[in-house]
Amino acid sequence: MEGGERTGLLGEFEEFYRRHVDAVTRFVARRVDDPHTAADLTAEIFLAVLDSAHTYRPGLGSETAWLYGIARNVVSSERRRVAREAERDRRFSGRRLLEADDIVRLEDKLDAESPGRRLLAALARLPEGERAVIELVAVDQLTVTEAAAALGIRQVTARVRLHRARKALRAEAEAEASVVPEMSVLYVVRGEA
């Protein structure tokens, strides 16, 4: 690879990174509550983007859908790793030291996304396929088409799963009508979140 070509690719990646880093950080912050883990997963997602850039096919979906598919895989992989290594002290292992300003910034993002984490906890009772679609559509604000591309399923399948998820959440919200969380499940059911 020529030096100029490599510089051009790095510039393109930097532009891609700047365009998506905040959305990816928010995506991660809704799913974890530790600033070190949030920083590590965000970095890991963009490393995975570099590794798999050659697999992106614009005809199959937008770059956002492709990126969210990678992000979901990275976060899911991390959850599986933590489950396997629950006894291991993961607070400091394998993490880079963060500056105080980085920790404060990530804690602020984690605090801002805590309603989203609570909502995701409510969604945890849904079957995996339904939960994945509604997370991407209602929480991460992808279109049904983008969610289907991120999950590698047909658009009609995504629509059916979204309908079933909203129906189940509506029943749960009606059963718990006396409890009104900061981000009501009803907003998700109605498609307002």
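Reply: Before we look at anything, take one definition: rings of Phe, Tyr and Trp, the last by its six-membered ring, form an aromatic pair if their centres lie within 6.5 Å, and planes under 30 degrees apart are called stacked, over 60 edge-to-face, and the rest tilted. Keep in mind as well that this is a predicted model.

Me: How many aromatic pairs does that rule give here, and which kind do Phe13 and Tyr17 form?

Reply: The general idea is that two aromatic rings are described by the distance of their centres and the angle of their planes. By the rule, the count in this model comes to seven aromatic pairs. For Phe13 and Tyr17, the ring centres are 6.4 Å apart and the planes stand at 40 degrees, so this pair is tilted. Both residues lie in helix H1, four residues apart, which is about one turn of the helix, and Tyr17 counts as partly exposed, at 34% relative accessibility.

Me: What kind of pair do Phe13 and Phe46 form, and which helices does it tie together?

Reply: Phe13 and Phe46 make an edge-to-face pair, with 6.3 Å from centre to centre and 75 degrees between the planes. Because Phe13 lies in helix H1 and Phe46 in helix H2, this pair ties together parts that are 33 residues apart in sequence. Phe46 is buried, with a relative accessible area of 3%. If you follow the rings further, you will find that Phe13, Phe16, Tyr17, Phe46, Tyr56 and Trp66 form one aromatic cluster.

Me: Which residues of H2 are buried, and what caps the N-terminal end of that helix?

Reply: Helix H2 covers residues 35-52, and its 18 residues reach 26 Å from the first C-alpha to the last, close to the 26 Å expected at 1.5 Å a residue. Its buried residues include Leu41, Ile45, Phe46 and Val49. At the N-terminal end, Asp34 acts as the cap, with a side-chain oxygen 3.3 Å from the backbone nitrogen of His36.

Me: Now for charged residues: how many salt bridges are there by the rule, and how far apart are the closest N and O atoms of Glu15 and Arg19?

Reply: Side chains of opposite charge can pair when their charged atoms come close. The count here comes to 13 salt bridges. In the one between Glu15 and Arg19, the closest N and O atoms are 3.1 Å apart. It also helps to know that an α-helix has 3.6 residues a turn, so residues three or four places apart point the same way. Glu15 and Arg19 fit that idea, since both lie in helix H1 (residues 3-29), four residues apart. Glu78 and Arg81 meet in another salt bridge, at 2.9 Å from N to O, and these two are three residues apart in helix H3 (residues 63-84), again about one helical turn. Of this pair, Glu78 is buried, with a relative accessible area of 16%, whereas Arg81 is partly exposed at 24%.

Me: Which helices hold the two residues of the salt bridge between Asp22 and Lys109?

Reply: The side chains of Asp22 and Lys109 meet in a salt bridge of 3.4 Å, N to O. Asp22 lies in helix H1 and Lys109 in helix H4 (residues 100-112), so the pair ties together parts that are 87 residues apart in sequence. Asp22 counts as partly exposed at 42% relative accessibility, and Lys109 is partly exposed at 22%. Salt bridges can also join up: Arg30, Arg31, Arg72, Glu113, Glu128, Arg131, Glu135 and Asp140 are linked in a network of them.

Me: Which residues have the most contacts inside the largest nonpolar core?

Reply: In soluble globular proteins, nonpolar side chains tend to be buried together. The largest nonpolar core in this model has 39 residues, and those with the most contacts inside it are Phe27, Val28, Ile45, Ile134 and Leu136. The elements that give two or more residues to this core are H1, H2, H3, helix H6 (128-139), H7 and helix H8 (155-175), and the largest share, seven residues, comes from H3. Leaving out residues up to four places away in sequence, Leu136 touches several residues, among them Phe27, Tyr68, Leu142 and Ala147.

Me: Is Ala148 buried or exposed, and what is it in contact with?

Reply: Ala148 has its place in helix H7 and is buried, with a relative accessible area of 3%. Leaving aside neighbours within four places in sequence, Ala148 is in contact with Ile153, Arg154, Gln155 and Ala158. The C-alpha atoms of Ala148 and Ala65, which are 83 residues apart along the chain, are separated by 8.4 Å. Just after H7, Gly152 takes a positive phi of about 70 degrees.

Key: Residues are numbered from 1 along each chain as its sequence is written. This is a predicted model: local features need pLDDT of at least 70, side-chain atom pairs count only at pLDDT 80 or more; totals for chains, interfaces and linings use all residues. Side-chain values use heavy atoms; hydrogens and water are left out. A salt bridge is a side-chain nitrogen of Lys or Arg within 4 Å of a carboxyl oxygen of Asp or Glu. Buried means under 20% relative accessible area, exposed over 50%, partly exposed in between (1.4 Å probe, protein chains only). The expected span of a helix is 1.5 Å times one less than its number of residues. A polar contact is a pair of N or O atoms within 3.5 Å; within protein, one must be able to donate a hydrogen and the other to accept it, and residues adjacent in sequence count only if both atoms are side-chain atoms. A nonpolar core is a set of buried Ala, Val, Leu, Ile, Met, Phe, Trp, Tyr and Cys residues joined through side-chain atoms within 4.5 Å. Contact means heavy atoms within 4.5 Å.
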